[in-house]
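Please study the sequence and the model shown here before attempting the exercises. Each task is followed by a solution in steps.

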Amino acid sequence: MSTTQLENLAETLKEIVGDKLAGLQIQHGEVTIGVRAEDIIAVSETLRDNSQLRFDTLIDLCGVDYSTYGEDLSAKQNLRNKRFAVIYHLLSVELNQRIRIRALVENDEFPVVDSVTEIWPVANWFEREAFDLYGIVFTGHPDLRRILTDYGFIGNPFRKDFPLTGHVEMRYDAEQKRVIYQPVTIEPREITPLVIREEHYGDCES
């Protein structure tokens, strides 16, 4: 989209979405709007149904953990010290325009946002993935189960405070003739790559 098209889309969003906009920015050739989690259904329906917007396709949905984002960046992006957000990427096939929505979740301890599966059915598996990896609960989802991790998995692997080695490991036990779970046996260690270069590698010729 050209700069003029982006600016026109931004103005249209301000007029139509109105007071439900918690933020709007144009950056890297894309429009991103911020909304409150409690407004995601109303905003999504407007974006899909309004004749000037027609965002009929949900391209992607993912969770974000901003816990180590930094105060300066948080202030710049108007994150309001919120830890979790859900990001939606939308496409209007008819009007050939795209938009990103950032919905900030209010409760860091128990992040909850309404499911958009009734608006875009393709959100089903995307929301299950965000639930699995970030622990974000989508109310109204028809089948909110883990989708990538194993049955009985504990924790949410994409949260910034989740250990890189995980909490448990599994192995096949020959005596019990089944797979069993046990505490992780990998010791934490610093991983520094060994770099081997030829002598005078990268030297500039005089």
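The exercises below concern a predicted model of a protein chain.

**Exercise 1. Overall build**

Task: State how many helices and strands the protein chain has, and determine whether the chain is spread out or compact by the globule rule.

Solution.
Step 1. The protein chain contains 4 helices and 9 strands.
Step 2. Along the sequence, these elements follow the pattern α-β-β-α-β-α-β-β-β-α-β-β-β. The radius of gyration of the chain is 22 Å, whereas the globule rule gives 17 Å for 206 residues; the value is well over the rule, so the protein chain is more spread out than a compact globule.
Step 3. Taken along the principal axes, the box filled by the C-alpha atoms is roughly 65 × 65 × 30 Å.

**Exercise 2. Surface, contacts and charge**

Task: Describe the burial, the contacts and the charged side chains of the protein chain as a whole.

Solution.
Step 1. Of the 206 residues, 36% count as buried.
Step 2. The accessible surface is about 13,400 Å², and carbon and sulfur atoms account for 50% of that surface.
Step 3. Among contacts with a separation of 6 or more, 52% are between residues 24 or more positions apart.
Step 4. There are 22 positive and 35 negative side chains, and the centres of these two sets are 3 Å apart.

**Exercise 3. The surroundings of Arg100**

Task: Locate Arg100 and identify the side chain with which it makes a polar contact.

Solution.
Step 1. Arg100 belongs to strand S5, which covers residues 97–104.
Step 2. Leaving out residues up to four places away in sequence, Arg100 touches Glu30, Val31, Thr32, Ile33, Ile87, Tyr88 and His89.
Step 3. With Glu30, the side chain of Arg100 forms a polar contact of 2.5 Å.

**Exercise 4. Two residues with positive phi**

Task: For Asn96 and Lys177, give phi and the place in the chain, and decide whether each is buried or exposed.

Solution.
Step 1. Most residues other than glycine have a negative phi.
Step 2. Asn96 has a positive phi, near 55°. Asn96 is placed in the loop between strand S4 (84–92) and S5.
Step 3. The relative accessible area of Asn96 is 60%, so Asn96 is exposed.
Step 4. For Lys177, phi is likewise positive and near 55°. The loop between strand S8 (168–173) and strand S9 (178–183) holds Lys177.
Step 5. Lys177 has a relative accessibility of 64% and therefore counts as exposed.

**Exercise 5. Ser115 and Leu148**

Task: Determine whether Ser115 and Leu148 are buried or exposed, and list what each touches.

Solution.
Step 1. Ser115 is in the loop between strand S6 (112–114) and helix H4 (123–134).
Step 2. Buried means under 20% relative accessible area. Ser115 has 8% relative accessibility, so Ser115 counts as buried.
Step 3. Not counting residues up to four places away in sequence, Ser115 touches Ile41, Glu127, Phe138, Thr139, Gly140 and His141. A polar contact of 2.6 Å links the side chains of Ser115 and Glu127.
Step 4. Leu148 lies in the loop between strand S7 (137–139) and S8. Exposed means over 50% relative accessible area. Leu148 is at 54%, so Leu148 counts as exposed.
Step 5. Beyond its neighbours within four places in sequence, Leu148 is in contact with Glu129, Asp132 and Leu133.
Step 6. Leu148 and Tyr88 are 60 residues apart in sequence, and their C-alpha atoms are 20 Å apart in space.

Key: Residues numbered from 1 in each chain as written. Predicted model: local features only at pLDDT ≥ 70, side-chain atom pairs only at ≥ 80, totals over all residues. Heavy atoms only, no water. Rg over C-alpha atoms; globule rule 2.2 N^0.38 Å. Buried < 20%, exposed > 50% of the residue type's maximum accessible area, 1.4 Å probe, protein only. Contact = heavy atoms within 4.5 Å. Areas by Shrake-Rupley, 256 points an atom, 1.4 Å probe, with all protein chains shown as cover. Lys, Arg positive; Asp, Glu negative; His and termini not counted. Charge placed at Lys NZ, Arg CZ, Asp CG, Glu CD. Polar contact = N/O pair within 3.5 Å; in protein donor to acceptor, adjacent residues only side chain to side chain.
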